[in-house]
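Colleague: I should be grateful for a close look at the strand pairing in this model. Please begin with the hairpin, and then set out what else can be said of the other parts of the chain.

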Amino acid sequence: MFAHEDLFHAFLIKYAEIGIKGKNRYLFEDALIRQIRFALKAAEGEFAVRKVTGRIYVEARTPFDFDEVVECLTHVFGIAGICPMVQFDNNGFEDLKERLLDYVGKVHPEGNFTFKVQTKRADKRFPMDSNEINAALGEALLEAYPGLRVDVHEPDVFFYVEVRERINLYSRIIPGPGGMPVGTSGKAMLLLSGGIDSPVAGWMVAKRGVKIDAVYFHAPPYTSERAKEKVVDLAKLVSRYAGPMDLHVINFTDIQLYIYDQCPHEELTIIMRRYMMRIAEAIAEETGALGLITGESIGQVASQTLPSLACTNEVCRLPVFRPVIGFDKQDIVDIALKINTFETSIQPFEDCCTIFVAKHPVTKPNRKVIRRSEEKLAEKIDEMVKTALETREVIRVE
């Protein structure tokens, strides 16, 4: 078995949605190139990332680990496909034919499958057109490898040939995460807990090109330092896709205890949630974020019924994005497994939301009643919120 890095020294990066952009497509391509360069900093080796007439290439300049590079690229939003390719000088058809035969022998040694050759001739100086190249290469493959068969409709393997100033040859397209390059759609603030849902919500919004930061509400000594470390670990896992983020850690203990002492216990969760949203919005506005992100899903818990969501929304001026709002729990778990946050999320370290939960929380809160209950907090709550904001810890997560 050959080592991939011995044959492949370049990757063709395919994008999907970016391709339908108009005159500003180059902005999205440039953003994608920046994200690819950033992602490859985690891999050993030096790489050139360049754009040539609608194509983005990653070219290795030094020895590298193939699997490591692919792993890095599969975390870059905006990439639809990663094509390990052989790239060589355009020295005419005979050289191209020999290169293809050698490629098949190394990459597809099983030699028993259906195939189709698909050529794009961007360099019109090449003496054969695309159909002629397809036919001649197909004939050469059938002669060299008796186990191969042509199937132009549903082949097992496509052999892609791009005739440009140099020639690109590849047959494998490794799926990328899709979406849009991070940073092309503004910035939002994620309310990140230690649960399953909020990391998935952050990942989903980041996939649409949104730069995210996060806020976590910590309640020592009721929540342990390990609970905070768990959230930092989750932020790191999300940042593999979303890029570097600032995690704002709010000490929420005094606010929670004050609400607990002054307000009806069945309203505790809703009022606590309203103050979380207020604080998150204050940080968002301070840092230039244009919206809040939560992992709420309708009906999952008492604070996520429609009346409860309307009640928490009432205190926000910025839009609140809830990308998993209509998902079943298993839908969310499936994504958490895919992005590798699930095992961290289920570690048994509780956050402040689960510590201060009433036995019978209100599921249909009346907003007028909630506002009257919050009036009991008027003496101290503003100063407490101010202190929580001023004393927050900001952790840079990469």
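**Strand pairing and its surroundings**

Modeller: Strand β7 (residues 157–163) pairs with β8 in the antiparallel sense, and four bridges join the two. The model is a predicted one, in which local features need pLDDT of at least 70 and side-chain atom pairs count only at pLDDT 80 or more, while totals for chains, interfaces and linings use all residues. Residues are numbered from 1 along each chain as its sequence is written, and side-chain values use heavy atoms, with hydrogens and water left out. Strands (E, at least two residues) and helices (H or I, at least four) are DSSP runs numbered from the N terminus, and two strands pair if DSSP finds at least two bridges between them.

Two residues separate β7 from β8, and the two strands form a hairpin. Within this pairing, glutamate 162 has asparagine 168 of β8 as its bridge partner. Strand β8 spans residues 166–170 and is mostly covered, with four of its five residues buried (under 20% relative accessible area; exposed is over 50% and partly exposed lies in between, with a 1.4 Å probe and protein chains only). Strand β8 also pairs with strand β4 (residues 81–89), again in the antiparallel sense and over four bridges. In that pairing, valine 86 stands opposite leucine 169 of β8.

The next part to consider is an open sheet of six strands with mixed pairing, whose order is β14-β13-β10-β11-β12-β15. At the edges stand β14 (320–321) and β15 (393–397); each has a single partner strand, so one side of each is left without a neighbour in the sheet. Elsewhere in the order, strand β11 (residues 211–218) and strand β12 (residues 245–251) pair in the parallel sense, over five bridges. Two bridge positions illustrate this pairing: alanine 214 stands opposite leucine 247 in β12, and phenylalanine 217 has isoleucine 250 of β12 as its bridge partner. Strand β12 is mostly covered, for five of its seven residues are buried.

Phe217 leads on to the UniProt record. Its "binding site" annotation, from an unreviewed entry, covers Leu191, Leu192, Tyr216, Phe217, Arg273, Gly295 and Gln304; UniProt positions are given in the numbering used here, feature names are shortened, and annotations may be inferred rather than shown by experiment.

Which strand holds leucine 191? Leucine 191 is in strand β10, which covers residues 187–191. Because its relative accessibility is 7%, leucine 191 counts as buried. With residues up to four places away in sequence not counted, leucine 191 touches Ser198, Val215, Phe217, Arg273, Met276, Met277, Ala280, Leu292, Ile293 and Thr294 (contact means heavy atoms within 4.5 Å). Two of these partners, Phe217 and Arg273, also appear in the "binding site" annotation of the UniProt entry.

Arginine 273 belongs to helix α9, which covers residues 268–287. Arginine 273 counts as buried because its relative accessibility is 13%. Apart from neighbours within four places in sequence, the contacts of arginine 273 are with Leu191, Thr294, Glu296 and Thr312. Thr294 is thus listed among the contacts of arginine 273 and among those of leucine 191.

A further buried residue is found in helix α14 (residues 367–375), where serine 373 has its place. Serine 373 counts as buried because its relative accessibility is 5%. Leaving out residues up to four places away in sequence, serine 373 touches Cys263, Pro264, Glu267 and Ile271.

Two details of the backbone remain. Where does the chain contain a cis peptide bond? The bond from proline 220 to proline 221 is cis, with omega near 0°. Proline 221 sits in the loop that runs between β11 and α7. The other detail concerns asparagine 340, which has a positive phi of about 70° although it is not a glycine. Asparagine 340 is also a loop residue, in the stretch between α11 (329–338) and α12 (342–345).
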